[in-house]
Amino acid sequence: MESILNWISANQSIIYIVILMVFVGIEVIGRVPSVLHTPLMSGANAIHGVVIIGAIIVMGKAEPDNYLALVLGFLAVILGTLNVVGGFVVTDRMLEMFKGKKK
Amino acid sequence: MSEHILTICYLVASVTFILGLKMLSHPATARKGNLVAAAGMSVAIIGTIFLPQPDGTILHNYGWIFGGLLIGAVVGTLAAQKVKMTAMPEMVSLFNGMGGACAALISLVEFDHVSKELAADPSLDISHIQTKVLIIVLGLIIGSVSFAGSIIAWGKLNGKIKDFSFPGQNILNLVLLALALGAGAYLVIHPDHSLLFYGIFVLSLLYGVLFVMPIGGADMPVVISLLNSFTGVAAACGGFLYDNKVMLTGGILVGAAGTLLTILMCKAMNRSLKNVLIGSFGASNAAAASAGVAGHYKEVSLSDAAMLMSYANKVMVVPGYGLAVAQAQHTCHELEKILNEKGVEVKYAIHPVAGRMPGHMNVLLAEADVSYDKLLEMEEANDEFKTCDVVLVLGANDVVNPAAKTDPASPIYGMPILDVELAKNVIVNKRSMKPGYAGIENALFFQPKTSMLFGDAKKVLQELCNEIKSI
């Protein structure tokens, strides 16, 4: 019990961020029309590609002789970039279709 | 000084993510919103690579990093640009799987680090290690489930993987999940059992596969959206691990927004998330539902259909997945123009879940330059059907199935549908009498008002165009 309370105190700023972001995330897309569900899903998909930052950190901190970290990190950077770049490009292509079709 | 610049970069990126999502949920700003988020992401990535980390170190292995970025960017751009409109949902699923895999790989590497630290110095502060292992294990489980699930969803959408279920699968799934979580909890308490970690990895992958396997293809958008929010949470785990605020905010933001979006998608189909996941579209259910519907349908010849339409005042087109598969959107637009020249008013009735993803039809018709104000949303369309002489249903099935209103035993009971029966005539174009994606019969096809026009949507539309021109 004591250790859990300590843990909460030690990580309170992160816990605040998590709670606030949950509300922001829900609030921000609350009124989306169903036409935009798919592009929004695709855009959100690209945003969680932010996991690429973690992959870059893994890669950038790997010792030159730590082959496991190098190989897996390299793979992670490729996959993460695919997620980010592919995600944004696909979303843009979807939304391009709507362009100029409205008054 | 310069480590503060990285903090600012992350702050800017976090704000662009929130703004981007906000703008993405309004039609007028959506495209800009996507670009804003992309710009923020670039700032965060470039900052991470070149600026000193919060602990003052500068990253190395630039060759590897840029190599990976280059390969990922080139492949990602090409794939995203080459993909056909109809295949976009599965592309999104695939990219989502890549993100999940990325999170899982990070966990694999970091666990290896922690194990080595622990082996080198067993007297380390155990509670600190435990927190790390907890986050690593969470990232691993969520990332792997998201990866495996997304790959299955991708396979299902492009038809490579068929629905597969067996009795007791839900129970087996729960057992698998419980095993993975239990093993994870044990590992957090005893971080030195490193073999267990790889066991959890395998269990999570297996769970991801079996979790998506029995869910019908029509429900895949909901599943992808759910897995999307999973990957968000997995990314947030990474943020926790590295105390990296932009990963944390971005991940949690997508996790929360993705969950809400999943629920909104379910609502558009008038189903609950539980209903989608546990699955009510079972084979036995469908058989029971189809038993009630039988009878004769009548076919209509091309020239009769052409005649009917060219002498109508108003024609409403109801597009569905069949139109997307046949890539018939351009031909459809051509038919609209030819009918307009004959003085026939043509409009489109768009069901929110027609096709394989919400908004699928809007995107498809927009690609063929169909004017935006001709696309009616479901409520508007339902008000107008009674003034229509002809409704042309192009490869849509479940969204016009009256069983959703009349038959409480039907798996789609309660889903709002397009009331095409209100029109004077209904012409249904399908490839055959086979039931639609939900696997249920459609009483509409057997009604006296309805006539069937079998064939591939593109071919039929082309021939209709020719017939109408020659009248």
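This report walks through how two chains meet, how the domains of chain B sit together, and how its sheet is built.

## The model and its chains

What you're looking at is a predicted model. Let's start with where chain A and chain B touch. The contact takes 80 residues from chain A and 102 residues from chain B.

How much area do chain A and chain B bury between them? About 8,300 Å², with 79% of it on carbon and sulfur atoms. If that way of putting it is new to you, the size of an interface is often given as the accessible area lost when the parts come together.

## Polar links between the chains

Between chain A and chain B there are 16 residue pairs in polar contact, counting pairs with both residues at pLDDT 80 or more. Helices H2 (12–28), H3 (37–47), H4 (51–61) and H5 (67–96) are the elements of chain A that each give two or more residues to its side of the interface with chain B. Which of them gives the most? That's H5(A), with 28 residues. Sorted by class, the side of chain A that touches chain B holds 50 nonpolar, 21 polar and nine charged residues.

Now for the charged pairs. Side chains of opposite charge can pair when their charged atoms come close. The interface of chain A and chain B has two salt bridges, while the count over all chains is ten. In one that links the chains, the side chain of Lys61(A) meets that of Asp55(B), at 3.5 Å from N to O. In another, Asp92(A) and Arg31(B) pair up at 3.0 Å, again N to O. This second pair runs from helix H5 of chain A, home of Asp92(A), to helix H2 (residues 30–50) of chain B, where Arg31(B) sits.

## Domains of chain B

Chain B is assigned domain 1 (1–81), domain 2 (89–279) and domain 3 (297–470). Take domains 2 and 3 of chain B: their C-alpha centres lie 40 Å apart. Where they touch, domain 2 of chain B puts in eleven residues and domain 3 of chain B puts in nine.

Together, domains 2 and 3 of chain B bury about 890 Å², and carbon and sulfur atoms give 70% of that. How many salt bridges are there between domain 2 and domain 3 of chain B? Zero. The count of residue pairs in polar contact across this interface, with both residues at pLDDT 80 or more, is zero too. On the domain 2 side, helix H5 (126–157) and helix H9 (245–268) of chain B are the elements giving two or more residues to the contact with domain 3. By class, that side of domain 2 of chain B has seven nonpolar, three polar and one charged residues.

## The sheet in chain B

Chain B also has an open sheet of seven strands, paired in parallel, in the order E1-E7-E6-E5-E2-E3-E4. Which strands stand at the edges? Strand E1 (298–299) and strand E4 (375–377) of chain B do, and each has a single partner strand, so one side of each is left without a neighbour in the sheet.

For a look at one edge, follow E4(B) to strand E3 (residues 345–350) of chain B: three bridges join these strands, which run parallel. Zooming in on residues, Ala349(B) has Leu376(B) as its bridge partner in E4(B).

Definitions and conventions:
Residues numbered from 1 in each chain as written. Chains lettered and ligands numbered in written order. Heavy atoms only, no water. Contact = heavy atoms within 4.5 Å. Buried area = accessible area lost by both parts, 1.4 Å probe. Salt bridge = Lys/Arg side-chain N within 4 Å of Asp/Glu carboxyl O. Polar contact = N/O pair within 3.5 Å; in protein donor to acceptor, adjacent residues only side chain to side chain. Helix = DSSP H or I, 4+ residues; strand = E, 2+ residues; numbered from the N terminus. Nonpolar A, V, L, I, M, F, W, Y, C, P; charged D, E, K, R; others polar. Domains from an automatic or database assignment. Pairing = 2+ DSSP bridges.
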